Amino acid sequence: MNPPIVISARNLTKTYGDLTAVDAVSFEVPAGESFGLLGPNGAGKSTTMKMIGGVSRRSSGTLSIMGLDPDNHGPEVRAHLGVVPQQDNLDEELRVRENLIVYGRYFGLPLSYLRPKADELLEFAQLTDKAKSKVDALSGGMKRRLTIARALINEPRILLLDEPTTGLDPQARHTLWDRLFRLKEQGVTLILTTHYMDEAEQLCDRLIVVDKGRIMAEGSPASLIREHSTREVLELRFGSERNAGIGVELQGIGERLEALPDRVLIYADDGEAALEQVTARGLRPLTSLVRRSSLEDVFLRLTGRSLVD
Amino acid sequence: MSALAEGHPGPRSATEAARQRTFGPLYSRNALAVVSRGLMAAKSSTWLILVSGFFEPVLYLIAMGVGLGSIVGAIQGPGGQEISYAAYIAPALLAVSAMNGAVYDSTWNVFFKMNFAKLYQGMLYTSLGPLDVAIGEIFLALLRGLLYATGFTAVMGVMGLITTPWALLMVPASVLIAFGFASFGMGITSFMKTFQQMDWINFFMLPMFLFSATFYPLSVYPQYIQWLIQAMPLWHGVELLRQISIGSFSSATAVHVGYYLVMIVLGIMLTTGRLRQLFLK
């Protein structure tokens, strides 16, 4: 039996005056899936998240969360959700543990449930020894983990994460990914937006690539790479003056060539072989690197632009 | 399917029960959560503000009532009988203090929470509706108004300015006044984007404080100024409390109370509508 569909969007559209932030987007998310929205800043990811969370009203299309329309059943829909917004909005007037308890009260949960739950979540977020600290005193990574712990206080069926690791250092990101992975294992449906391809590859079962409010592609990270890129990529740097002009001389090597301002990408199933061909033509790149194709390459292929500007 | 479900057995968990409640699109009958958050935050916040809000009218009462009153002498009260100048201005100052307490909480406090602390944004990501938030915040403002009013009434008692048991009704009447100002203040604050705009509130409140028959009767003004002042909310509060303070009621009492009831209803409608527009757009 297939898991039930928990989120269903049909031609979901949001306009602000002349600007169409989200343009007729359709997707479905089954329970327990980890679903990603990958795209650059301004692609409409956060707007889509806000509509799912029932804090932004759609302009047209249909949207159903757990069978409910968030426009008409905002509080009820949000009772099923945990929301981690892009910017932490912890309650700075309260201490760490109080943040969890008070947030739980907003969901109408009794203290007899909240007290043990708060301790459990502090443990989960590795913040037990910070329970009585002021929010101000936490590091960026700790605040993020507290925000996630807070979003879990109502045992949500769906966790919305808007750019969960933006602005965190690599170690904090990995800690966070580990925590999110545990949630996924427990069967929580994760919806996350990101402009980091490695994050999408790590966490998402399936994702949509969005650009300018539209869906460019949809699938699992592996299938998207298979479909829209080669197995490997050869990255060459010839120095900033030569990168653009060198394209002609590299013609015919690999399946496809992409000249970026700082480097040239050659898409080939065998990167080493492509590199041999380059040197055989007497070209001497300053640096060369063979790597696996990533979602970054998929995005570049689909939009002609990089994910992170 | 719940996150971290271990340790919470039972087919119908607390979270399930919380989801089974009836919700409205704007209200989920949980304003109490907003109130308890406010009380918890107040534990750590500055008591100084609370104290200064209480002392301000007391200082006015001493300076004007006792000091200035000694050269003014007796003055004609609402029922026509002579009362001391201090007894004349004390209920007016109480109305002002109810207004100040409510306005401080519902404007500056709300302004900060709305624009800097992102508090309401966080609240509205939960199963709270905008009406829960509005009611909760207004209730907190009322609580402050109640504290001020009780304290000031006690000071009046100590100074021998209370002569009738009716005067105790000044406390709930002050809360009514605070309610009117708090519900409207929060709605108006939602339009404010900068600190400069917030100053307009003071610009409006100071003349209202000085000229709403606070320190002398309305009859000193020409007719059209009287009408203007009678349209303002504080005058109705001043008159209401002044009548209650000596237990002298008239048909105007009902008008004063009615003025605030209308103000409360319109204020809550405005505030809820604005919260919805701002955060659920």
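**Exercise 1. Which residues of α3(A) are buried?**

Step 1. Get the terms straight. Helices (H or I, at least four residues) and strands (E, at least two) are DSSP runs, numbered from the N terminus. A residue is buried if 20 or more other C-beta atoms lie within 10 Å of its own, exposed if 12 or fewer, and partly exposed in between, with the C-beta atoms placed from the backbone.

Step 2. Go along the helix. The buried residues are Val96(A), Arg97(A), Glu98(A), Asn99(A), Leu100(A), Ile101(A), Val102(A), Tyr103(A), Gly104(A), Arg105(A) and Tyr106(A).

Step 3. Put that together: eleven of the eleven residues of α3(A) are buried, so the rest of the structure largely encloses this helix. After α3(A) comes Gly108(A), with a positive phi near 80°.

A word on the ground rules: this is a predicted model, where local features need pLDDT of at least 70, side-chain atom pairs count only at pLDDT 80 or more, and totals for chains, interfaces and linings use all residues. Residues are numbered from 1 along each chain as its sequence is written, while chains are lettered from A and ligands numbered from 1 in the order in which they are written.

**Exercise 2. Find what chain A brings to its contact with chain B.**

Step 1. Count residues. Chain A puts in 41 residues and chain B 37 residues; two residues are in contact if their C-beta atoms, placed from the backbone, lie within 7 Å.

Step 2. Look for the elements. On the side of chain A that touches chain B, those giving two or more residues are α2 (74-78), α3 (96-106) and α4 (111-124) of chain A. The most comes from α3(A), with five residues.

Step 3. Sort by class. That side of chain A has 19 nonpolar, eleven polar and eleven charged residues. Here Ala, Val, Leu, Ile, Met, Phe, Trp, Tyr, Cys and Pro count as nonpolar, Asp, Glu, Lys and Arg as charged, and the others, Gly among them, as polar.

**Exercise 3. Work out how strand β7 of chain A sits among its neighbours.**

Step 1. Check the cover. β7 (residues 189-194) of chain A has six of its six residues buried, so to speak mostly covered. Thr189(A), Ile191(A) and Thr193(A) point one way, with Leu190(A), Leu192(A) and Thr194(A) pointing the other way.

Step 2. Find the partners. Two strands pair if DSSP finds at least two bridges between them. Strand β3 (residues 34-38) of chain A runs parallel to β7(A), joined by five bridges. Strand β6 (residues 158-162) of chain A also pairs with β7(A) in the parallel sense, over five bridges.

Step 3. Zoom in on Leu192(A). Opposite this residue stands Gly36(A), and Leu161(A) has Leu192(A) as its bridge partner too.

Step 4. Now take Leu190(A). Beyond residues up to four places away in sequence, Leu190(A) touches Ser34(A), Phe35(A), Leu159(A), Leu161(A), Leu180(A), Leu183(A), Lys184(A) and Leu203(A).

**Exercise 4. Is Glu163(A) buried or exposed?**

Step 1. Locate Glu163(A): the loop between β6 and α6 (170-185) of chain A.

Step 2. Count neighbours. Glu163(A) has 20 C-beta neighbours inside 10 Å, so this residue counts as buried.

Step 3. See what is around. Leaving aside neighbours within four places in sequence, Glu163(A) is in contact with Gln86(A), Thr193(A) and Thr194(A). His195(A) is 32 residues away along the chain, with 7.5 Å between the two C-alpha atoms.

**Exercise 5. Describe chain B, then test its helix α8.**

Step 1. Take stock. Chain B has eleven helices and two strands, and its C-alpha trace spans about 75 × 35 × 35 Å along its principal axes. Of its 281 residues, 45% count as buried.

Step 2. Test the length of α8 (residues 195-211). The expected span is 1.5 Å times one less than the number of residues. For the 17 residues of this helix of chain B that gives 24 Å, and the end C-alpha atoms are 25 Å apart, which agrees.

Step 3. Check the cover. The number of buried residues in α8(B) is zero out of 17, so this helix lies largely in the open. Just after α8(B), Ala213(B) takes a positive phi of about 60°.
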